[in-house]
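Here are some notes to read alongside the model, written for someone opening it for the first time. Take the points in order and keep the viewer at hand.

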Amino acid sequence: MENVLLGLTTVATLIWVGMLLLWGQFWRADQRLDPELLEWDASPGQWPSVAVVIPARNEADLIETAVRSHLTQTYPGPLSILLINDNSTDQTAQIATQTATQIEKELNKTNQLTVLPGKALPSGWSGKLWALQQGFDYLKQNASTSADLPDYVLFTDADIEHSAHNLQQLVAKAKTDSLDLVSIMVQLRTQSFWEKLLIPAFIFFFQLLYPFPWVNDFSKKTAAAAGGCVLLRFDALLRIDGLQKIRQALIDDCALGAAVKAGGPIWLGLSDEVKSLRPYPSLRSLWQMVARSAYTQLNYSPFLLVGTVVGMALVYWVPPLGLAIGIATGESAIALLGLLGWLLMAIAYWPTLRLYKSPVWMAFALPVIALLYTLMTVDSARQYWIGNGSEWKGRTYAR
């Protein structure tokens, strides 16, 4: 038994060494927009035109803050904002319009917001992608010539608050590095106990699945984006025919990143200034958020599910178990290897925790957090197997 545990702790520790050294430096969490990146080599008046497209369904509680953050941008170029009211049953559209009118008076500026009533969801589309496609179609149909099309489109969510200079930074990054897509993983809310415990790990696991330096390397196949904030060159969006090719994707942001990267360079980073307003006050709400798409990430494969559970056990649970059992049995080699593996795990997690201003001790809670995420993934598969579709905003998508 001791030999088996020694072998497992050795393998787990070596995996962490390999991930720290060889897996795209994902753990550094250092892919950020330069705070000074507000300019590029352009003459005054030559900043490209940008159209912001916001899909919104029943977002009355958050839409005022989100819309205000767009209407108060410092962006020096032409800017228009298109909100797709996706068949909301609350006051989303009215509050957005009232906010725009108020800001127009406050800042003495022309109203930049257009609210477009959403059409019924057709078969074969996810709700968000259908709303974005309507925005894409509207921009094409309302352009008399190709010169009237926007140079860039910003896809963003109705629960995101953008810093005043965010759009200027995004465009400067895209122009400076000649990128087809620039996306940032916005900072998720961490106010409740469960948000503080689980949200940083959500970002950590996302970086592990899609190492940002590899996403940002055009020679690598790894591709991803973060759906809360995606700036796209409009020509690149035309090249992939809008959202048609990915219309059924539930993990739509990564599908969009892959579609764009097939024809041009993309960039994905982190932000501590652009924030999600979406609350997850309870374990149940976070559980539902993860379980909604976790099994989709595994392509609905029971083999990948089993492999994931075994892999999580080996990588996240064996080191602390090895430390505890090694101490209890007096097996110093097992205890030291378990401690080393756990320390490497904590070192890998710490930069993401620092981004969220979390305490150091939480770096050592990753095994427990990983257990919860594993249970969410298994529950996601269970829901799929019993015939439950993915549910979001009152819509359920078939298996």
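1. Start with glutamine 25, which counts as partly exposed at 25% relative accessibility. This is a predicted model, and in it glutamine 25 sits in the loop between helix 1 and strand 1 (50-56). Its phi is near 55°, a positive value in a residue other than glycine.

2. Asparagine 299 invites a look for a similar reason: its phi is near 55°, again positive in a residue other than glycine. You will find asparagine 299 in the loop between helix 11 (294-297) and helix 12 (302-329). Is asparagine 299 buried or exposed? With a relative accessible area of 60%, asparagine 299 is exposed, because exposed means over 50%.

3. Next, please turn to helix 1 (residues 2-22), where threonine 9 has its place. Threonine 9 has a relative accessible area of 1%, so it falls under the 20% limit and is buried. Which residues does threonine 9 touch, leaving aside those up to four places away in sequence? They are Val318, Gly322, Ile334, Leu337 and Gly338.

4. Now for the interior. The largest nonpolar core has 118 residues, and the members that touch the most others are Phe155, Leu231, Leu256 and Tyr316. Helix 6 (residues 193-209) gives this core its largest share, nine residues. Apart from the largest core lies another one, of five residues, including Leu298, Leu305, Ala381 and Tyr384.

5. Leucine 231 is a good residue to centre the view on. Not counting residues up to four places away in sequence, the contacts of leucine 231 include Val50, Tyr152, Val153 and Leu154. Leu167, Leu170, Val171 and Ala174 are also among the residues that leucine 231 touches, as are Asp180, Leu181 and Val182.

6. Strand 7 (residues 229-233) deserves its own point. How many of its five residues are buried? Four of them are, which leaves the strand mostly covered. Strand 7 has strand 4 (residues 152-156) as an antiparallel partner, joined to it by five bridges. Strand 6 (residues 181-187) also runs antiparallel to strand 7, with three bridges between them. Valine 230 in strand 7 is a handy place to see both pairings: phenylalanine 155 stands opposite valine 230, and serine 183 stands opposite valine 230 too.

7. On to the charged side chains: the structure holds eleven salt bridges. One of them joins aspartate 180 and arginine 233, whose side chains meet at 2.8 Å, N to O. This pair links distant parts of the chain, with aspartate 180 in the loop between helix 5 (166-176) and strand 6, and arginine 233 in strand 7, 53 residues apart. Aspartate 180 counts as buried at 5% relative accessibility, whereas arginine 233 counts as partly exposed at 25%. The two also belong to a network of salt bridges that links Asp180, Arg233, Asp235 and Arg239.

8. Another salt bridge brings together the side chains of glutamate 106 and arginine 68, at 3.3 Å, N to O. Why does this pair tie together parts that are 38 residues apart in sequence? It does so because glutamate 106 lies in helix 3 (residues 92-107) and arginine 68 in helix 2 (residues 63-71). Glutamate 106 is partly exposed, with a relative accessible area of 46%, and arginine 68 is partly exposed as well, with 25%.

9. Have a look at glutamate 195 as well. Its side chain meets that of arginine 189 in a salt bridge of 3.0 Å, N to O. Is glutamate 195 buried or exposed? At 0% relative accessibility, glutamate 195 counts as buried.

10. Finish on the outside of the model. Which residues make the nonpolar surface patch of about 430 Å²? Leu336, Leu339, Leu343, Val360 and Phe364 make it. Of these, valine 360 has its place in the loop between helix 13 (332-355) and helix 14 (366-385).

Key:
Residues numbered from 1 in each chain as written. Predicted model: local features only at pLDDT ≥ 70, side-chain atom pairs only at ≥ 80, totals over all residues. Heavy atoms only, no water. Core = buried A, V, L, I, M, F, W, Y, C linked by side-chain atoms within 4.5 Å. Buried < 20%, exposed > 50% of the residue type's maximum accessible area, 1.4 Å probe, protein only. Helix = DSSP H or I, 4+ residues; strand = E, 2+ residues; numbered from the N terminus. Contact = heavy atoms within 4.5 Å. Pairing = 2+ DSSP bridges. Patch = residues over 30% accessible without salt bridge, like charges linked within 9 Å, V, L, I, M, F, W, Y side chains within 5 Å. Areas by Shrake-Rupley, 256 points an atom, 1.4 Å probe, with all protein chains shown as cover. Salt bridge = Lys/Arg side-chain N within 4 Å of Asp/Glu carboxyl O.
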